[in-house]
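Trainee: I would like a close look at a single strand and its surroundings. Please take me through its pairing, its cover and then the wider setting.

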Amino acid sequence: MTGPGTTVHPPLLSPGYKSTILRAPQQAPILLPHSLTELTGPVLGEGPVAAADADLTLNGTGEAQGQRIVVHGQVRDSDGRAVPDTLLEVWQANAAGRYLHKWDRHDAPLDPHFTGVGRTMTDAQGNYRFVTVKPGAYPWGNHPNAWRPAHIHFSLFGLAFTQRLVTQMYFPDDPLFAYDPIYNSVPEFARDRLVAGFDLSATVESWALGFRFDIVLTGAGATPMESR
Amino acid sequence: MSAPGTPSQTVGPYLSIGLTWDEGPHVVAADASDAVWLRGEIRDGAGAAIPDALVETWQPDPAGRFHTPGFRGLGRCPTDDDGRYAIRTVKPGVVADQAPHIDVTVLARGLLHRVVTRIYFADEPAANEADPVLARVPAERRGTLIAEKSSDGYHFDITLQGPDETVFFTI
């Protein structure tokens with residue numbers, strides 16, 4: 001994902017984010033010409049995904065604590081075409097900023113009714129929508145008094161191996177942006193593409209706020225028949 | 001002209017809550033004929049095992065076909081506390097003029113975007129010799145892309161950094 005036209009991505013070595021220092025490869029990557037292996041990709045279908053998986057407020061054992069939100073958007077490719085029927089996986093901290101993970105030792109309460117995990121498929125027009133609670137910010141050990149801005153992790157396959165994307169969605173006007181080396185690892189011109197917009201039209205009256213987060217997959221496109 | 005893309009961000013340390021599937025590591029069923037285990041360990045530039053990584057594999061079936069009904073082609077396994085992954089699959093067939101290979105995505109805390117590599121097979125020396133992708137790789141580094149035969153399949157370690165750094169690709 002470091003090829004021409006993909007400079008929206010952060011450099012692998014971003015020393016402000018300490019974990020990159022021993023994990024970023026040092027050798028220049030080698031160009032892999034696209035063959036059928038790269039121009040195809042997993043087609044997962046609806047099988048592993050149930051409609052209930054798109055509501056994180058209810059997919060635990062009861063109703064989650066926190067500010068209910070709707071997150072929706074469209075997934076497109078770099079030519080502006082909708083990416084239909086692709087799996088979108090999300091995971092996040094709870095409203096207090098705690099993950100349901102054995103390594104998360106943050107002194108904030110777990111919510112017994114919140115797993116923080118959701119899945120959905122884009123529809124025929126590339127649109128997706130899920131319901132969750134707004135995640136809390138949380139401290140981490142990168143530097144003194146380090147806090148991650150509130151975010152939701154996203155994972156997408158797209159229509160080809162080239163299009164695989166894992167990213168994080170942030171919330172508008174977070175005062176922690178200025179201090180976060182992960183957010184700031186992205187070239188400055190592209191950072192706002194990681195920030196959802198408040199979307200009044202997506203709110204559910206008397207029930208949940210709405211945010212819109214469109215996603216553009218930069219990898220080379222999907223249909224091998226066209227590309228070869 | 002391309003539309004502006006969405007930037008990548010790290011998968012973070014808690015990837016396993018979001019990306020673990022029970023059947024993720026099983027590209028094929030346990031009783032599939034010619035099933036093999038693809039096993040290995042992921043290490044950082046200090047040689048330490050990486051316990052918060054995810055390996056994803058994408059491959060054709062043994063006849064070199066993608067999207068065969070009943071064959072998912074995708075493997076996904078988070079590393080364990082010792083940095084190890086294990087994916088049960090079948091050896092892929094030949095695609096066009098290339099030696100049998102599996103495309104691999106590696107995600108981890110500390111990787112701000114995925115890295116991509118390929119697995120080739122040590123028991124295909126003639127095909128590897130003629131492979132146009134391996135030919136692009138300096139000879140002294142090709143070995144990092146070759147999985148060795150093991151007792152129950154193949155072994156393929158991934159080193160993110162350092163003298164034994166795995167070859168990664170731009171796609």
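Mentor: Start with E89(A), whose bridge partner in β8(A) is S155(A). Keep in mind that this is a predicted model. The pair belongs to a ladder: five bridges join β3(A) to β8(A), and the two strands run antiparallel.

Now turn to the other neighbour. β3(A) is also joined to β4(A) by five bridges, again antiparallel. Here V90(A) stands opposite G118(A).

Next, the cover. β3 of chain A spans residues 87-92, and six of its six residues are buried. Take the faces one at a time. L87(A), E89(A) and W91(A) lie on one side, and they are buried. L88(A), V90(A) and Q92(A) lie on the other, and they are buried too. In a regular strand, side chains alternate between the two faces of the sheet. Both faces of β3(A) are therefore covered, with E89(A) on one and V90(A) on the other.

Step out to the sheet. It is open, has four strands and runs in the order β4-β3-β8-β9 in chain A, with antiparallel pairing. The edges are β4 (117-121) and β9 (165-170) of chain A. Each has a single partner strand, so one side of each is left without a neighbour in the sheet. From one strand to the next, the twist averages 20°.

Follow the order past β3(A). β8 of chain A covers residues 151-156, and six bridges join this strand to β9(A). These two run antiparallel. Within that pairing, H153(A) faces Q168(A) of β9(A).

Pairing also crosses between chains. β1 of chain A, residues 30-31, is joined to β10(B) by two bridges. This pairing is parallel. I30(A) stands opposite F169(B) in β10(B).

That brings in the contact between the chains. Chain A puts in 65 residues and chain B 52. On the chain B side, α1 (15-19), β5 (102-108) and β10 (169-170) each supply at least two residues. β5(B) gives the most, with four residues. By character, the chain B side divides into 27 nonpolar, 18 polar and seven charged residues.

Now chain B as a whole. Its secondary structure comprises two helices and 10 strands. From the N terminus, the order is α-β-β-β-β-β-β-α-β-β-β-β. Along the principal axes, its C-alpha atoms fill a box of roughly 45 × 40 × 35 Å. The radius of gyration is 16 Å. A compact globule of 171 residues would have a value near 16 Å, so chain B agrees with that rule. Of the 171 residues in chain B, 51% count as buried. For contacts in chain B with a separation of 6 or more, 71% come from residues 24 or more positions apart.

One pair in chain B is worth a look. A32(B) sits in the loop between α1 and β1 (36-43) of chain B. It has 15 C-beta neighbours inside 10 Å, and so A32(B) counts as partly exposed. Buried would take 20 or more such neighbours, and exposed 12 or fewer. In sequence, A32(B) and V90(B) are 58 residues apart. In space, their C-alpha atoms are 8.4 Å apart.

Back to the strand we began with. β3(A) pairs antiparallel with β4(A) and antiparallel with β8(A). Its six residues are buried.

How values were computed
Residues are numbered from 1 along each chain as its sequence is written. Chains are lettered from A and ligands numbered from 1 in the order in which they are written. This is a predicted model: local features need pLDDT of at least 70, side-chain atom pairs count only at pLDDT 80 or more; totals for chains, interfaces and linings use all residues. Two residues are in contact if their C-beta atoms, placed from the backbone, lie within 7 Å. Ala, Val, Leu, Ile, Met, Phe, Trp, Tyr, Cys and Pro count as nonpolar, Asp, Glu, Lys and Arg as charged, and the others, Gly among them, as polar. Two strands pair if DSSP finds at least two bridges between them. Axes are lines fitted to C-alpha atoms, for helices over the stretch in contact, and angles run from 0 to 180 degrees between N-to-C directions. The radius of gyration is taken over C-alpha atoms; the globule rule is 2.2 Å times the number of residues to the power 0.38.
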